[in-house]
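Open the model in your viewer and keep the selection tool ready. The tour moves from one element to the next, with a short stop at each.

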Amino acid sequence: MKINTLPQEVRTKVAIYIRVSTVYQVDKDSLPMQRSDLVTYCKLILETDNYEIFEDAGYSGKNTDRPAFQDMMKRVRDGEFTHILVWKIDRISRNLLDFANMYQELKSLGVTFVSKSEQFQTNTAMGEAMLKIILVFAELERNMTSERVTATMIDRASKGIWNGGRIPYGYDYDYGKREFLLNEDEAPVVKLIYDLYLEHRSLVYIVKYLDEKQIRTRLGFQFSPTTLHIILRNPFYIGTYRYNHYRNPWTREEKDKSEWIMVENHHLSIIEESQFKAVNEILDVNARMVRTPGKQCVRKNTHVFSGLIFCGLCGKAMHSTPGKKLVSGYRPSKYNCPQIRRGMACNNTYVNDSVIGEFMINLILNILNARKFIDEETTLDQLQSMILMNGVFSDVQSISPDGLQELLNLFHHSSDDAIFKPRKPKKANIAPEMKKLRADKLKVERAIDRLKNLYLYSDDSMSESEYIIERSKLTDKLEEYNEQLGILAKESVSKAISDEDFVRAASQFILSRQLQDKTYIFYRKLAEVTNVDVLREFFTGLVDSISVSYSRITNVIFLNGLSLTFSYAEKEPPIE
């Protein structure tokens with residue numbers, strides 16, 4: 001960090017920062033008003049006309065990821081300003097941690113922070129104390145407001161008022177009368193789904209049946225087992241409005257039943273209660289053998305690479321199933337593309353733990369060993385030879401030059417205890433249409449977050465009804481993207497790890513298994529004597545994603561962002 005060393009004779013220069021949250025506020029002259037008042041304050045109170053104005057229009061105060069603010073801070077770090085002047089401290093950020101970090105940086109730079117409305121300057125002991133007190137109460141108010149909104153939504157639901165969201169398949173909603181109506185085209189399909197499940201007890205059978213009859217979802221997509229499961233589990237179809245059911249709607253993690261809001265006879269039903277109960281009893285029985293969304297089930301098998309392997313052809317997360325048990329007692333898992341299981345256009349072949357494990361454990365081992373021999377003269381070809389030195393890589397023709405260069409740079413610029421600089425992980429190589437869907441999904445998730453902050457914290461907040469309607473529209477879009485992706489949305493948690501964490505985790509495992517002097521590791525033998533949960537924890541602690549095409553690993557992305565792409569000497573099998 002560059003420390004401000006401005007000499008005393010340099011006159012005061014003020015960075016005036018202005019922010020409003022919405023275009024609506026900009027149109028109401030909020031920006032011009034702030035600008036005028038702060039310029040006047042600068043001249044009369046700070047006694048200087050040496051200032052520069054930085055404006056962020058239409059940005060939330062949730063964090064400091066705003067262009068003008070970042071530009072201002074860069075120039076502050078370069079020693080250009082002695083003061084930062086704002087209308088109110090929440091113009092910088094409504095997040096206590098963000099503001100505290102910025103304040104500590106300003107203090108180390110010797111820059112004074114001034115708030116016009118709160119009437120304090122941090123170059124005095126009293127001003128600094130007042131700032132800290134205000135920040136504490138600002139954070140308290142934020143949390144209390146969020147709690148009040150939650151309480152309001154629960155109160156509305158308990159009175160039978162719909163809080164918005166996706167209109168369940170089989171229904172329409174009359175926003176004027178605020179009531180649900182049966183959809184003449186979709187309601188019979190819901191009844192058919194329940195009837196078929198009672199008869200055949202198979203979600204896969206219903207998927208095939210509906211596909212053969214060309215019966216599609218509201219958006220025109222093929223029904224999936226997940227979509228059917230949601231319909232069969234939803235008491236909405238017996239006329240019951242359920243709210244506050246999920247701890248997080250995207251992960252389908254249920255709250256305790258005592259927290260649910262259940263309003264019976266809320267609207268017209270499609271299914272009889274007796275049929276609903278019979279169907280759900282069957283689902284409960286079948287749940288012992290399958291993984292049910294949002295419900296913890298007893299699982300007989302732990303799949304080491306579950307959630308890490310993606311189809312290199314279509315980008316879908318590959319499904320895991322138990323493989324054939326070997327004489328030794330070891331049972332490797334098999335991973336298949338879900339598009340094949342649904343009879344859709346993907347010709348990828350399955351792959352098992354032995355293939356993936358052998359490749360991955362030796363790739364990590366070779367990376368750890370290579371770092372001992374790297375110097376400034378090492379070429380990309382030499383590094384590639386070190387990484388591909390074992391027989392498991394015999395059919396690998398090359399590693400992508402950009403990946404090798406990235407690894408070589410990390411070796412050169414890292415200490416002996418760290419080979420990777422912390423970066424945000426890259427995403428797995430996926431088909432263009434999948435990439436666009438995922439990008440659109442993230443945009444909607446960010447829009448929902450911005451809408452909530454606008455409702456809770458903007459100076460001229462929208463009404464509760466407007467918030468609910470807009471949130472409902474965004475929620476509908478989000479579920480549309482989830483349906484197209486063919487999976488339930490999961491809570492997105494960044495798993496980026498630092499250089500030290502990567503090396504420590506890898507080295508400790510290698511050392512603990514007495515493998516530090518090995519040049520090759522036979523994965524199956526390792527798996528036969530190592531607890532499967534230990535292996536899974538090891539790989540999930542290092543790897544972000546593995547792309548597989550025709551039983552060959554084509555791309556590996558580690559949690560620290562390093563991406564290695566592999567090409568093979570033989571041509572891939574032709575698509576039939």
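Start with the hairpin made by β6 and β7, which has four residues between its strands. Select arginine 178 in the turn: its phi is positive, about 55°. This is a predicted model. Now take the strands themselves. β6 covers residues 171–174 and β7 covers residues 179–182; they pair in the antiparallel sense over four bridges. Show aspartate 174 and you will find glutamate 179 of β7 opposite.

**The whole protein**

Zoom out. The protein has 576 residues, and 46% of them count as buried. Colour by secondary structure to see 18 helices and 19 strands. Take the contacts between residues at least 6 apart in sequence: 66% of them join residues at least 24 apart.

**Strand β1**

Select residues 14–20, strand β1. Seven of its seven residues are buried. In a regular strand the side chains alternate between the two faces of the sheet. Look at one side of β1 for Val14, Ile16, Ile18 and Val20, and at the other for Ala15, Tyr17 and Arg19; both faces are covered.

Which strands does β1 pair with? One is β2 (residues 51–57), parallel to β1 and joined to it by seven bridges. Alanine 15 sits opposite glutamate 52 there. Another is β3 (residues 83–86), also parallel to β1, with four bridges. On that side, valine 14 faces histidine 83.

**Helix α9**

Next, select residues 273–286. This is helix α9, with 14 residues. Check the distance between its end C-alpha atoms: 20 Å, in agreement with the 20 Å expected at 1.5 Å a residue.

Where do the buried residues of α9 lie? Display Gln275, Phe276, Val279, Asn280, Ile282 and Leu283, the buried set. They span an arc of only 155° around the axis, so they are on the same side of α9. An α-helix has 3.6 residues a turn, so residues three or four places apart point the same way. Turn the helix over: on the other side, Ser274 and Glu281 are exposed. Then add α6 (187–200) and α8 (225–233), which are among what covers the buried residues of α9.

**The five-stranded sheet**

Now bring up the open sheet of five strands. Read across it in the order β12-β17-β18-β19-β16; the pairing is mixed. β12 (309–311) and β16 (396–399) are the edge strands. Each has a single partner strand, so one side of each has no neighbour in the sheet. From one strand to the next, the twist averages 25°.

Focus on the β12 edge. β12 pairs with β17 (residues 543–549) in the parallel sense, over three bridges. Pick phenylalanine 310; its bridge partner in β17 is serine 547.

Which helices pack here? Show α11 (residues 353–370), which lies across β12, β16, β17, β18 and β19. α11 runs at about 50° to β18 (552–558). Then show α13 (residues 401–412), which packs on the sheet and touches β16 and β19. The direction of α13 makes about 140° with that of β19.

**Glutamine 384**

Select glutamine 384, in helix α12 (residues 380–387). Buried or exposed? Its relative accessible area is 16%, under the 20% limit, so glutamine 384 is buried. Leaving aside residues up to four places away in sequence, glutamine 384 touches Gln397, Ser398, Ile399 and Leu404.

**The three-stranded sheet**

Move to the open sheet with the order β13-β14-β15 and antiparallel pairing. Its edges are β13 (319–322) and β15 (351–352). Each edge strand has a single partner, so one side of each lacks a neighbour in the sheet. Four bridges join β13 to β14 (residues 333–336). Threonine 321 is opposite lysine 334 in that pair.

**Cysteines**

Finish with the cysteine sulfurs. How many disulfides are there? The count is zero, with a cut-off of 2.5 Å between sulfur atoms. Cysteine 337 is in no disulfide, because the nearest cysteine sulfur, that of cysteine 314, is 3.4 Å away and the limit is 2.5 Å. Cysteine 337 is buried, at 1% relative accessibility. Last, select cysteine 42: its relative accessible area is 0%, and it is buried.

Conventions:
Residues are numbered from 1 along each chain as its sequence is written. This is a predicted model: local features need pLDDT of at least 70, side-chain atom pairs count only at pLDDT 80 or more; totals for chains, interfaces and linings use all residues. Side-chain values use heavy atoms; hydrogens and water are left out. Buried means under 20% relative accessible area, exposed over 50%, partly exposed in between (1.4 Å probe, protein chains only). Helices (H or I, at least four residues) and strands (E, at least two) are DSSP runs, numbered from the N terminus. The expected span of a helix is 1.5 Å times one less than its number of residues. The arc is that of the directions from the helix axis to the C-beta atoms. Contact means heavy atoms within 4.5 Å. Two strands pair if DSSP finds at least two bridges between them. Axes are lines fitted to C-alpha atoms, for helices over the stretch in contact, and angles run from 0 to 180 degrees between N-to-C directions.
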